[in-house]
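Let's take a walk through the open spaces, enclosed space and helix packing of this protein. Please keep the model open beside you as you read.

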Amino acid sequence: APDYADVLESRLIIIWGHNPASTGPHFLPLLREAQRRGAYVVVIDPRRTRTARSANEHLQPRPATDGALALGLLHVLFAEGLHDEPWLEAHSIGWRDLRDRAAAYPPERVAAITGIAAETILALGRRIGTTRPTLLKFADGVQRHGNGGQTARALACLSAITGQIGQRGGGLAYST
């Protein structure tokens with residue numbers, strides 16, 4: 001994970017299944033400062049946590065549907081050409097297989113699974129694909145159900161698909 005202070009460079013911060021207001025006192029002041037500097041904060045969590053209450057946007061998927069939501073966002077990124085193909089060619093393997101898998105998860109299908117409107121999924125996918133740097137931060141909770149490991153992998157792919165890995169203020173923050 002990047003140094004937590006790098007969040008001050010982020011323009012979009014996605015907090016997924018994590019509540020740093022209650023469990024991350026070392027990260028929270030940096031998150032708040034990034035928000036004061038203009039970062040847009042999205043919290044994805046079925047519960048209305050303290051962190052969610054202070055976010056710019058809060059999405060509440062049905063519990064254990066995070067993997068489907070991630071695949072839906074990947075679908076948008078690929079379908080709209082918002083992926084970073086040169087970065088993927090240089091730094092990854094198997095991304096075309098992921099693109100093919102994500103094609104089966106259009107926003108309408110994902111809306112039926114997650115309870116989040118297709119328009120909201122489309123808008124967040126576009127925001128992720130057009131905002132640099134974007135930091136995705138999640139914690140252990142998203143993998144505490146069946147297919148949790150695959151959910152964590154899909155979340156990690158969101159940062160890779162857009163070429164955010166290694167960018168100051170971007171990428172993936174999982175755990176220290």
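What follows covers pockets, a cavity, two helix contacts and two backbone details.

This is a predicted model, so please read every value below as computed from it.

## Pockets and a cavity

Here are the three spaces side by side.

| Space | Volume | Lining by class |
|---|---|---|
| Largest pocket | about 350 Å³ | 7 nonpolar, 8 polar and 5 charged residues |
| Second largest pocket | about 290 Å³ | 8 nonpolar, 7 polar and 2 charged residues |
| Largest cavity | about 50 Å³ | 4 nonpolar, 4 polar and no charged residues |

The largest pocket encloses about 350 Å³ of space. Its lining is made up of 20 residues, and those closest to the centre are Gly17, His18, Asp45, Gly141 and Val142. Charged side chains have a place here too, with 5 charged residues in the lining of the largest pocket.

Move on to the second largest pocket, where 17 residues form the lining. Gly67, Leu71, Gln150, Thr151 and Ala154 are the ones nearest its centre. Which helices each supply at least two residues of this lining? They are α4 (66-79), α6 (95-102) and α9 (148-161). Helix α9 gives the largest share, with 5 residues.

As for enclosed space, the count is 1 cavity of 30 Å³ or more. Ile14, Ile128, Thr134, Leu136, Leu158, Ser159, Thr162 and Gln164 make up its lining. Both β4 (134-138) and α9 contribute at least two residues each to this cavity lining. Helix α9 is thus worth a second look, as it also supplies at least two residues to the lining of the second largest pocket.

## Two contacts made by α4

Helix α4 packs against α7 (residues 107-114), and the axes of this pair come within 9 Å and cross at roughly 165°. Angles over 145 degrees count as roughly antiparallel, and α4 and α7 therefore run roughly antiparallel to each other. Their crossing is left-handed. On the α4 side, the contact is made by Ala68, Leu69, Gly72, His75 and Val76, while α7 brings Pro107, Val110, Ile113 and Thr114. By class, this contact has 6 nonpolar and 3 polar residues, with no charged ones.

The packing of α4 with α6 has another geometry to look at: the angle is about 110°, and the axes lie 8 Å apart. Because angles of 65 to 115 degrees count as roughly perpendicular, α4 is roughly perpendicular to α6. Leu71, Leu74, His75 and Phe78 of α4 meet Trp95, Leu98, Arg99 and Ala102 of α6. The residues of this contact divide into 6 nonpolar, 1 polar and 1 charged.

Two residues of α4 deserve a pause. His75 takes part in the contact with α7 and also in the contact with α6. Leu71, which belongs to the contact with α6, is also among the residues nearest the centre of the second largest pocket.

## Two backbone details

Finally, have a look at two loops. In the loop between α8 (118-130) and β4 sits Pro133, and the peptide bond leading to Pro133 from Arg132 is cis, with omega near -10°. In the loop between β3 (57-59) and α4 you will find Ala64. Ala64 is not a glycine, yet its phi is positive, at about 70°.

Methods. Residues numbered from 1 in each chain as written. Predicted model: local features only at pLDDT ≥ 70, side-chain atom pairs only at ≥ 80, totals over all residues. Heavy atoms only, no water. 1 Å grid on protein atoms, 1.4 Å probe; cavity = no way out; pocket = protein on both sides within 12 Å on 5 of 7 lines; lining within 4 Å. Points joined across faces, edges and corners; volume = space filled by probe spheres on them. Nonpolar A, V, L, I, M, F, W, Y, C, P; charged D, E, K, R; others polar. Helix = DSSP H or I, 4+ residues; strand = E, 2+ residues; numbered from the N terminus. Axes fitted to C-alpha atoms, helices over the stretch in contact; angles between N-to-C directions. Parallel < 35°, antiparallel > 145°, perpendicular 65-115°, else oblique. Left-handed = near helix turned anticlockwise from the far one by under 90°. Contact = heavy atoms within 4.5 Å.
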